[in-house]
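Let's take a walk through this structure together, one helix and one contact at a time. Please keep the viewer open as you read.

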Amino acid sequence: MAATVTAPPLKPYPVIPILEVGAMGKTKTFPANAPMQQALGFPGELVEDWHDKAIFKLGELLGKYRSLKVYLDACVHCGACTDKCHYFLGTGDPKNMPVARQDLLRKVYRRHFTWSGKWFPKLVGAEDLTKEVLDDWYSYFNQCSECRRCSVFCPYGIDTAEITMAAREIMDSIGLGAKYTNEIIGKVHKVGNNLGLPGPALADTLSSIEEDLKEETGLDIRLPVDEKGAEVLLVTPSADFFAEPHVYSLMGYAKVFHAAGISWTLSTHASEAGNFGLFIGNYGQMQKIATRVREGILDLGAKRLVVGECGHAWRVAYNFWNTLIGPFDFLDPNYPVPQHICELTYDLIQRGAISFDKSANDRYVVTFHDSCNVARASRMGGMPGGQFEIPRAIVRAVANKFVEMNPETIREKTFCCGGGGGLLTDDLLDLRVKGALPRMEALQAVVESDGVNFMATICAICKAQFSKVLPYYKFNMSMVGGVHQLVGNAIRLGPK
Amino acid sequence: MAAIDVNGKSYEVDEEGYLVNLAEWDEDVGKVLAEGEKIEMTPNHWEVVNFLRDYYNEFQIAPAVRVLTKAIGKKLGPEKGNSQYLYELFPYGPAKQACKIAGLPKPTGCI
């Protein structure tokens, strides 16, 4: 747990902070211990020849990812990105400016992989990879949530997230991994999900929720698991089983399937939508995690693959599943493969297959927080901007009062919740609170102007992060919840 | 590796203060862990901690928040069967803080 956690004051309009050099240099997330590292095939501790190994790995990545080389070459230090990062805005530490974060890797790249940097390092800002530089890497590449907001504003489209991923991949390869991500990836390999929730515990949890739904609605709304022959396999973040407010969205999905008469199932083998392999930039880990989904759906024989409310999972599913674990030629071609739960619900609304009593959400004035990996790295509904419009259309269909936040803070310009990219850990709480500042300011504005009291989102990390940090800004933690939580409140159930 | 001292005996904890060896836990250890969290244990706190440990023994994981609130509601009365009450008992969050005091590993993931 971080020793001191301080929230900056909320301002009525965004102000570029006064620089605080080195403010976050000492903030270092806990490193993974040897067993955690070794479980993923990484060295257990910093290897002796870490310098040479790191440079070798960088060279390997440059050969593999053309984008990385372009991003490291293309920056002209124009400064357009400097005030676009929530962590810079919240901490004032200049090394949290995207360009400065990139430069931590870029200067080493120049030293070893460019002619000018080899011969005239001082002239071109090339530097050796010293222990101090490596320390900076560990600090600041674990203070980037890979949200890609800066890349929206970069005239060259440089993607800091890819640079962060490359740096984390290099650090893992020399034995310097982060505990939060790497422990969790190990649990997925061993147990099947980020929580480490074994099959019997999952079954027990689901039957308990079925009881609750029965009590609430009087109906037998099911949460089936490992049911062969179900039409839909739902893969959702394991936090949906465990935490609040996540579980309310899970109940919402169940009600949608019930009301539409779609047979569905969860899988104990594929009980995690999240894929932290993305966060550490490791293709092999990403593929190994995703493979459980393929195995799960083949085993159960489902014909449709649907993904629950999880931001980066949708990025992995939408962009990478086909390459990682495809082809999906055994699935029903009449539906998107994979399909987002919001696409499924939206489609049912369009066809009139489900209906709502919107007044059930009248106690809420709702706003929508776009989650970064959905907003800037994926799409829904096969149309440009569908990832923005579809969740909003669902909210509007289930609630009467909907208000947008400042347009500079939503859609493709959305601010990260402050906990994405593998940083949702207690030991980074101070960073997480500070990184939430821009979103909290935008929220504060609509709270004051329109009385907003519910911020809907479609990401498990956003939900957990906001639940934790809202109170630091004097908001109620229950102000955040899922889109399908609102769906679940308003959906008409029972005989039509 | 860090350690805590309970009645003259040393117990290993991880960097976040979670007990490393679950089997070493007893009520005295729980009390010391609670002191570290600045929590004064009442009988209701112990109800939660004991339920967590029982559940963990059966399922090798802490219960979902909803399962926990329901169980506590049954034991202590329906007005206490909600997460607000659990947050009153364990202000840092029932899942993590109560697990720590119960000597269980920290729940991980997007929670």
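## An enclosed helix in chain A

In this predicted model, the buried residues of α22(A) pack against a mixed set of neighbours from chain A: the helices α13, α16 (341-350) and α18 (386-398), and the strands β5 (366-368), β6 (454-457) and β7 (480-482). Helix α22 of chain A covers residues 483-490, and 8 of its 8 residues are buried, so the helix is largely enclosed by the rest of the structure.

If you would like to find them one by one, the buried residues of α22(A) are Val483(A), His484(A), Gln485(A), Leu486(A), Val487(A), Gly488(A), Asn489(A) and Ala490(A).

## Two domains in chain A

The domain assignment splits chain A into domain 1 (34-177) and domain 2, which is made of two segments, 186-403 and 452-490. The C-alpha centres of these two domains of chain A are 33 Å apart. Where they meet, domain 1 of chain A contributes 13 residues and domain 2 of chain A contributes 10 residues.

Which helices build the domain 1 side of this contact in chain A? At least two residues each come from α1 (34-39), α8 (149-153) and α9 (160-173) of chain A. The largest share belongs to α9(A), with 5 residues. Sorted by class, the side of domain 1 of chain A that touches domain 2 of chain A has 7 nonpolar and 6 charged residues, but no polar ones.

## Where chain B meets chain A

Now over to the second chain. Here 16 residues of chain B are in contact with 31 residues of chain A. On the chain B side, α3(B) gives the most, with 4 residues. By class, the side of chain B that touches chain A holds 8 nonpolar, 4 polar and 4 charged residues.

## A closer look at α3 of chain B

Helix α3 of chain B runs through residues 65-76. At 1.5 Å a residue, its 12 residues should span 16 Å, and its end C-alpha atoms are indeed 16 Å apart, so the two values agree. After α3(B) comes Gly77(B), which has a positive phi, near 115°.

The buried residues in α3(B) are Val65(B), Arg66(B), Val67(B), Leu68(B), Thr69(B), Lys70(B) and Ile72(B). What covers them comes from both chains: it includes α11 (199-217), α12 (239-242) and α13 (246-260) of chain A, along with α2 (43-59), α4 (83-89) and α5 (94-101) of chain B.

Notes. Residues are numbered from 1 along each chain as its sequence is written. Chains are lettered from A and ligands numbered from 1 in the order in which they are written. This is a predicted model: local features need pLDDT of at least 70, side-chain atom pairs count only at pLDDT 80 or more; totals for chains, interfaces and linings use all residues. The expected span of a helix is 1.5 Å times one less than its number of residues. A residue is buried if 20 or more other C-beta atoms lie within 10 Å of its own, exposed if 12 or fewer, and partly exposed in between; C-beta atoms are placed from the backbone. Two residues are in contact if their C-beta atoms, placed from the backbone, lie within 7 Å. Domain bounds come from an automatic or database domain assignment. Ala, Val, Leu, Ile, Met, Phe, Trp, Tyr, Cys and Pro count as nonpolar, Asp, Glu, Lys and Arg as charged, and the others, Gly among them, as polar.
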